[in-house]
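Today I looked up the empty spaces in this structure, pockets and cavities alike, and noted which residues line them.

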Amino acid sequence: MAEEKKSKQRHRVMVFESMYPILALMLILVACVELCDAATVVDVYRLIQYDISGVPFGSRFSSLNHHAASLSFQRGADLSRSVLILPLRELDIAFVQDYISQKQSLGGLLILLPQTFRPGNVGGGSLSSENDGFRSLLGQLEKLLVHGNIPFPVYFAFENEETDAMLADVKKNDALGQQATATTGGYKLVISVSEPRKIASPTITNIQGWLPGLRAEGDSSQLPTIAVVASYDTFGAAPALSVGSDSNGSGVVALLEVARLFSVLYSNPKTRGKYNLLFALTSGGPYNYEGTQKWLKSLDQRMRESIDYAICLNSVGSWDSELLIHVSKPPDNAYIKQIFEGFSNVAEDLGFQVALKHKKINISNSRVAWEHEQFSRLRVTAATLSELSTPPELLENAGSLSDTRQLVNEDAIIKGVKLVAESLAKHIYGHQGKDIKIFADDSSLAVNPFYVRSWLDLLSQTPRVAPFLSKNEPLIMALKKELEDYTAEVSVQHESLDGSFTFYDSTKASLNIYQVASVTFDLLLLLVLGSYLIVLFSFLVITTRGLDDLISLFRRPPSRKVKMG
């Protein structure tokens with residue numbers, strides 16, 4: 001009797017052991033229901049997150065794990081667990097404003113930009129009226145996002161075949177009133193990143209190059225200096241996309257080409273002028289030109305006092321027939337009149353115009369509108385050459401998402417370079433009023449279009465938001481090397497960014513898009529698979545052990561009565 005019981009127990013153990021491969025297969029099939037639905041991976045760029053004096057701005061979160069929704073759903077629907085996919089072409093500013101102002105709850109926002117706004121898109125030329133409309137719309141959206149406190153993740157991506165196909169499917173479901181949920185299925189958008197952290201001790205870096213003038217024999221007095229300055233960093237809604245081709249990539253390119261031209265002129269003692277030339281690439285431009293202020297204060301007093309005047313270059317790559325000279329001193333000031341007349345005469349020779357715009361500095365306000373105002377505060381004569389008629393507001397229009405290579409016309413930069421170079425040369429060599437072209441197109445001192453284009457293309461592919469640039473950033477090293485090639489005594493200055501600004505990392509991520517089947521479908525599939533496996537298992541038991549063993553597996557064992565002592 002005991003042997004028979006042991007035999008039956010061995011049979012049961014063998015039967016259960018035979019189930020292990022089948023159970024493993026079942027688990028694999030269940031897992032495939034989830035894994036096989038992964039659609040694609042897309043690069044996305046997070047909205048900037050920063051604080052000013054402790055006040056939060058921008059997107060405050062980075063992780064995302066919600067179903068996709070479109071503008072096709074019924075207005076007023078609860079989107080607290082949905083990611084709104086919003087193509088720029090369909091942007092409704094008022095609608096988005098409701099979610100940003102938290103009148104409506106939202107799980108996340110994904111903004112799809114046309115490929116024309118991709119930084120790597122370096123093809124120049126004029127833009128269509130449609131793209132001009134997109135640019136204006138994007139500017140409004142950026143202003144809304146950058147100055148809002150947004151309690152959900154906001155990302156930017158570029159339209160492609162995958163995002164277009166996904167959005168088309170999402171729109172169909174939303175139009176039918178079938179908002180994506182775990183029950184109905186749809187698309188799920190997942191971004192798995194750590195929560196943003198504060199950037200510790202962000203730095204700004206200034207780069208200075210020097211071209212010494214020629215002293216007359218026995219003349220021990222200090223030569224006068226002319227400074228050419230351009231701020232090279234940017235600020236935009238998405239730090240990983242803020243390349244600022246015009247603001248202020250165009251100003252940087254113009255400065256480098258002017259430095260190259262005068263390095264050739266000053267390389268020969270016979271043509272070296274009796275003026276020192278000081279070239280400065282400054283950082284912190286979007287933050288009240290803080291880098292310029294700290295660079296100026298780092299100069300010794302004799303150096304500052306030797307500056308005859310400074311010309312700051314800001315946004316000179318997108319204009320047609322007129323540039324503006326912005327000044328702080330009154331237009332009837334002798335120095336200002338001399339600078340303006342010199343530039344105006346050269347511009348007329350080149351076939352365009354310059355106009356003078358005066359804006360008085362408010363000493364009681366620490367905010368400066370233009371870079372030259374930092375010079376003016378230290379009583380140094382200065383002006384800003386720009387295509388802009390009004391100064392950009394703080395943290396605005398300094399490398400926005402729409403400020404890409406296609407916005408900039410390299411011919412405009414070349415004209416700007418000629419204007420600055422010829423005006424400086426006439427001032428240095430005393431050729432005012434004379435019909436002399438030192439940088440003529442057919443001379444060895446002609447502006448090099450290839451040099452302008454290559455630097456413009458490089459800057460148009462390189463995000464330059466100062467807090468995210470390290471001291472040894474390749475771009476900073478490249479700018480330093482370029483000044484070393486054309487100037488002497490190149491120096492680099494590292495300064496801490498004003499403590500009132502706090503920035504957070506996590507600027508770029510990968511978006512995983514999953515096409516998720518509904519729970520009903522999953523349950524039905526599992527029911528079919530389970531039924532199939534039960535039938536298969538029963539067949540295997542019957543063929544290997546017999547019908548009695550199969551029945552015994554499902555038979556309830558008899559209860560044992562406990563003997564009472």
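I began with the second largest pocket, working on a predicted model. Domain 1 (37–196 + 505–515) and domain 2 (201–495) both contribute residues to the lining of the second largest pocket, so I placed this pocket between the two domains.

I then looked up its volume and found that the second largest pocket holds about 560 Å³ of space. I listed 25 residues in its lining, and noted that Glu 396, Asn 397, Ser 400, Ser 402 and Asp 403 are the ones that lie nearest its centre.

Next I asked which helices supply at least two residues each to the lining of the second largest pocket. I found helix H3 (129–146) and helix H5 (245–266), and recorded that H3 gives the largest share of that lining, with five residues.

For the chemical character of the lining of the second largest pocket, I wrote down seven nonpolar, ten polar and eight charged residues.

I turned after that to the enclosed spaces, and noted that the structure has three cavities of 30 Å³ or more. For the largest cavity I entered a volume of about 190 Å³.

Which residues lie nearest the centre of the largest cavity? I noted Gly 285, Pro 286, Tyr 289, Pro 392 and Ala 398, which belong to a lining of 21 residues. When I sorted the lining of the largest cavity by type, I recorded eight nonpolar, eight polar and five charged residues.

Technical notes
Residues numbered from 1 in each chain as written. Predicted model: local features only at pLDDT ≥ 70, side-chain atom pairs only at ≥ 80, totals over all residues. Heavy atoms only, no water. 1 Å grid on protein atoms, 1.4 Å probe; cavity = no way out; pocket = protein on both sides within 12 Å on 5 of 7 lines; lining within 4 Å. Points joined across faces, edges and corners; volume = space filled by probe spheres on them. Helix = DSSP H or I, 4+ residues; strand = E, 2+ residues; numbered from the N terminus. Nonpolar A, V, L, I, M, F, W, Y, C, P; charged D, E, K, R; others polar. Domains from an automatic or database assignment.
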